[in-house]
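Here is a brief report on one model. It covers a cavity, ring contacts, two helices and a few residues with unusual backbone angles.

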Amino acid sequence: MFKAFQTYKLLFFRLILIVIGIEFSIYFFKTGLLFTGVFGLFVVFLIVREMYFYVRNFVLLYDKTISSILQNDFTSDFTKHKTDKRYAELFLLYDTMKNRQNEQVSKDIIYRSILNNIETGIVILQKQEKDWNVFLMNDYFSSYFNVPKVSRWKYLKNQLPTLCEIIEKDDFQEIKTSIEIRVNEQNQQTFVLQASRTEIFERDYCIVLLDSIQNVVEKKEKEAWVNLMKVISHELLNSITPIRSICQNLQDLVDQDSLSAEDLEDVKNSVETMLRRSDHLQKFVEGYRKLAMLPSPKKEKIELRHLIDNCIQIMNPLFVEQRINVVNAISFKYWINIDAHQMEQVLINLLTNSIHALKNSSEKQILISAEAKENRTFIRITDTGTGVEKEIENKIFLPFFTTRNEGAGIGLTLSKNIVEAHGGYIANKNENGKTVFEICLIE
């Protein structure tokens, strides 16, 4: 404000000089000093001319700067004017808007780069008056469906009529469904279609996402195979490497002319080690066979409390040995349709895990409870053990994953497969510092 006041003060000062110059010129003419009066008028002319160019340059500079800001054109060079303190606030506004525009451009480039590297087809539509136009189409969508990056909805509709008709049918509102699209004149593929509508600064946008179910399945299968091969190769190498080393040692011993008592002891120890590693490898293969060849459940009606009591009775010697207090809180009679032998295996596996979790606990208690609601039966096994660490929560159901040296890593995986074969699920929770494994069976 002060700098603007300074500008007005300079203009006012020039006007006063012009008025004074005119008054003096008139006075000189009246007194007969013609040359002096003419000189005075000449001085007034120079002041008026200087003021004209001063105001003209001032207005033009402001117009050019404001016009650049309004048009988002920050290519103009005002270097020679920036030293003039009268325009400091104007150029501060210009530089602020320029920095914001550069920041926004950088963000747009980053966002578009992220969208273009996502393996999901993305199209963002923008409503303009009554028509919809393509605001953004990522590279994956364009290349996968062989569609040029068009800007008009009607052009996109000519390329992918099936997709566009579904979106139009729901009036560009929220959609979540599956759709079959023929890609590059090949067989039809199934995609998950998700669309959502949002309003930003009084402008309507419709965001469309397309995921190939086939690609998702293939990716998951590939990850599963890679993880499985890692586990199998790890177990095989752990057994084959020492066996090969022992065989080499035995071969060296056999090549000798005679064997001492010490050599015979080495042979004995080597054979025992080979047997142990062979047994471990056999157990590993048997565990894999159990997972791969799980029979279909033979369901029959059985009382839930009776099933739990049987499992507790089987595990009771271990509970007594470890001084664990087991509470069966199921007081109601409820019949469930399951394969009793398979479900016993699940419960025994979970109780075994609880026993290992309670080894270093001061309070050793296992609580078994159940709840029936909405055609579902929930069986919960809660222990006061150390619980499952967050880093491995998503790995505990993976085949052959274990945190125990003596564990095979198939107990929870087998339990999960059995429960899922019954049409249910099994989950791990942490409630009030206690570990809970929950089995849900759907009637």
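## Aromatic pairs

The model is predicted. Across the whole structure, a search turns up 8 aromatic pairs. One of them joins Phe-135 and Tyr-205. Their ring centres sit 5.4 Å apart and their planes meet at 75°, so this pair is edge-to-face; the class asks for an angle over 60 degrees. Phe-135 belongs to strand β2, residues 131-137, and Tyr-205 to strand β5, residues 203-212. The pair therefore ties together parts that are 70 residues apart in sequence.

Are these two rings buried or exposed? Phe-135 has 40% relative accessibility, so it counts as partly exposed. Tyr-205 has a relative accessible area of 12% and is buried. Another pair is formed by Tyr-144 and Phe-145, and it is also edge-to-face, with 5.4 Å centre to centre and 75° between the planes. Both Tyr-144 and Phe-145 are buried.

## The aromatic cluster

Which residues form one aromatic cluster? They are Tyr-140, Phe-141, Tyr-144, Phe-145 and Phe-191. Phe-141 has a second role, as part of the lining of the largest cavity.

## The cavity

How many cavities of 30 Å³ or more does the model hold? The count is 1. The largest cavity encloses about 30 Å³ of space. Its lining consists of Val-123, Phe-141, Trp-153, Leu-156, Leu-163, Cys-164, Ile-167 and Val-208. Two elements give two or more residues to that lining: α5 (153-159) and α6 (161-169). The biggest share comes from α6, with 3 residues.

What is the chemical make-up of the lining? It holds 8 nonpolar residues, no polar ones and no charged ones.

## Helix α6

The buried residues of α6 include Leu-163, Cys-164 and Ile-167. Viewed down the axis of α6, the buried residues fall within an arc of 90°, so they line one face of the helix. The general geometry helps here. An α-helix has 3.6 residues a turn, so residues three or four places apart point the same way.

What does this buried set pack against? The partners are α4 (139-144), α5, β3 (175-182), β4 (188-200) and β5. Leu-163, Cys-164 and Ile-167 also appear in the lining of the largest cavity.

After α6 comes Asp-171, with a positive phi near 55°. Phe-172 lies in the loop between α6 and β3. Phi of Phe-172 is positive too, near 60°, and this residue is not a glycine. Phe-172 has 6% relative accessibility, so it counts as buried.

## Glu-129, a loop residue

Where does Glu-129 lie? It is in the loop between β1 (121-128) and β2. Glu-129 is not a glycine, yet its phi is positive, about 60°. With a relative accessible area of 78%, Glu-129 is exposed. Phe-172, by contrast, is buried.

## Helix α11

Helix α11 covers residues 411-421. Its buried residues include Leu-412, Thr-413, Leu-414, Ser-415, Ile-418 and Val-419. Just past α11 stands Gly-423, where phi is positive at about 85°.

## Thr-382 in strand β10

Thr-382 sits in strand β10, residues 376-383. Its relative accessible area is 14%, so Thr-382 is buried; the cut-off is under 20%.

Which residues touch Thr-382, once neighbours within four places in sequence are left aside? Gln-365, Ile-366 and Leu-367 are among them. So are Lys-434, Thr-435 and Val-436.

## The whole chain

The secondary structure comes to 11 helices and 12 strands. The protein has 443 residues, and 33% of them count as buried. Among contacts with a separation of 6 or more, 56% join residues 24 or more positions apart. The pair of Phe-135 and Tyr-205 gives an example of distant parts meeting, at 70 residues apart in sequence.

Notes. Residues numbered from 1 in each chain as written. Predicted model: local features only at pLDDT ≥ 70, side-chain atom pairs only at ≥ 80, totals over all residues. Heavy atoms only, no water. 1 Å grid on protein atoms, 1.4 Å probe; cavity = no way out; pocket = protein on both sides within 12 Å on 5 of 7 lines; lining within 4 Å. Points joined across faces, edges and corners; volume = space filled by probe spheres on them. Helix = DSSP H or I, 4+ residues; strand = E, 2+ residues; numbered from the N terminus. Nonpolar A, V, L, I, M, F, W, Y, C, P; charged D, E, K, R; others polar. Phe/Tyr/Trp six-rings, centres within 6.5 Å; stacked < 30°, edge-to-face > 60°. Buried < 20%, exposed > 50% of the residue type's maximum accessible area, 1.4 Å probe, protein only. Arc of directions from axis to C-beta. Contact = heavy atoms within 4.5 Å.
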